[in-house]
Amino acid sequence: MITKNTFKSLLLLALGLSMLNGYGFTANEDFDIDSVEFIEDEQEWELGFDTALYLPENFDPYSGIISVKAINFVDECDEVDLGFETAGYLPEGFDPYIQ
């Protein structure tokens with residue numbers, strides 16, 4: 001039999017979830033990255049040389065479509081040599097990429 005406290009907790013949980021659903025938070029809704037507004041700071045950078053000498057004629061960095069999918073998020077690191085074998089200090093079958 002469900003106790004009064006459990007029933008009250010379930011009732012409050014259901015009420016809270018229904019309120020969140022009323023504010024537009026739904027689990028079935030897909031996130032559209034194109035709906036995000038990008039805000040850029042208007043800063044002047046002085047590099048100490050004329051960048052136009054190194055760019056093609058009529059170069060416009062903002063002429064293309066900005067896509068988050070075009071950004072490579074994988075940061076490949078170079079192999080690091082520590083000078084000793086690390087296998088003796090790690091558990092057998094250790095894989096840092098498996099959680």
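Is Asn58 buried or exposed? Asn58 counts as exposed, at 78% relative accessibility. The model is predicted. Its chain has one helix and zero strands. Of the 99 residues, 0% count as buried.

**Overall surface**
- The chain exposes about 11,100 Å².
- Carbon and sulfur atoms supply 57% of that area.
- No share of the chain reaches the buried class in the percentage given: the value is 0% of 99 residues. Buried here means under 20% relative accessible area.

**Helix and what follows**
- Helix 1 spans residues 4-22.
- Val80 sits in the segment after helix 1.
- Asn58 lies in the segment after helix 1.
- Glu46 is also placed in the segment after helix 1.

**Asn58**
- The phi of Asn58 is near 55°.
- That is a positive value in a residue other than glycine.
- Most residues other than glycine have a negative phi.
- Asn58 is classed as exposed because its relative accessibility is 78%, and the cut-off for exposed is over 50%.

**Nonpolar patch**
- A nonpolar surface patch covers about 680 Å².
- Its makers are Val80, Leu82, Phe84, Tyr89, Leu90 and Phe94.
- Val80 is exposed, because its relative accessible area is 58% and exposed means over 50%.
- Phe84 has a relative accessible area of 48%, so this residue is partly exposed.
- Tyr89 reaches 67%, so this residue is exposed.

**Aromatic pairs**
- The structure holds two aromatic pairs.
- One of them joins Phe49 and Tyr54. Their ring centres are 5.8 Å apart, with 85° between the planes. The pair is edge-to-face.
- Phe84 and Tyr89 also pair. Their centres lie 5.8 Å apart and their planes stand at 85°, so this pair is edge-to-face. The cut-off for that class is over 60 degrees.
- Phe84 and Tyr89 also help make the nonpolar patch.
- Which class does Phe49 fall in, at a relative accessible area of 48%? Phe49 is partly exposed, because its value lies between the 20% and 50% limits.
- Tyr54 has 63% relative accessibility and so counts as exposed.

**Negative patch**
- Which residues form the negative surface patch? They are Glu40, Asp41, Glu42, Glu44 and Glu46.
- Glu46 is exposed, because its relative accessible area is 73% and the exposed class begins over 50%.
- Glu46 belongs to the segment after helix 1.

Methods:
Residues numbered from 1 in each chain as written. Predicted model: local features only at pLDDT ≥ 70, side-chain atom pairs only at ≥ 80, totals over all residues. Heavy atoms only, no water. Patch = residues over 30% accessible without salt bridge, like charges linked within 9 Å, V, L, I, M, F, W, Y side chains within 5 Å. Areas by Shrake-Rupley, 256 points an atom, 1.4 Å probe, with all protein chains shown as cover. Salt bridge = Lys/Arg side-chain N within 4 Å of Asp/Glu carboxyl O. Helix = DSSP H or I, 4+ residues; strand = E, 2+ residues; numbered from the N terminus. Buried < 20%, exposed > 50% of the residue type's maximum accessible area, 1.4 Å probe, protein only. Phe/Tyr/Trp six-rings, centres within 6.5 Å; stacked < 30°, edge-to-face > 60°. Lys, Arg positive; Asp, Glu negative; His and termini not counted. Charge placed at Lys NZ, Arg CZ, Asp CG, Glu CD.
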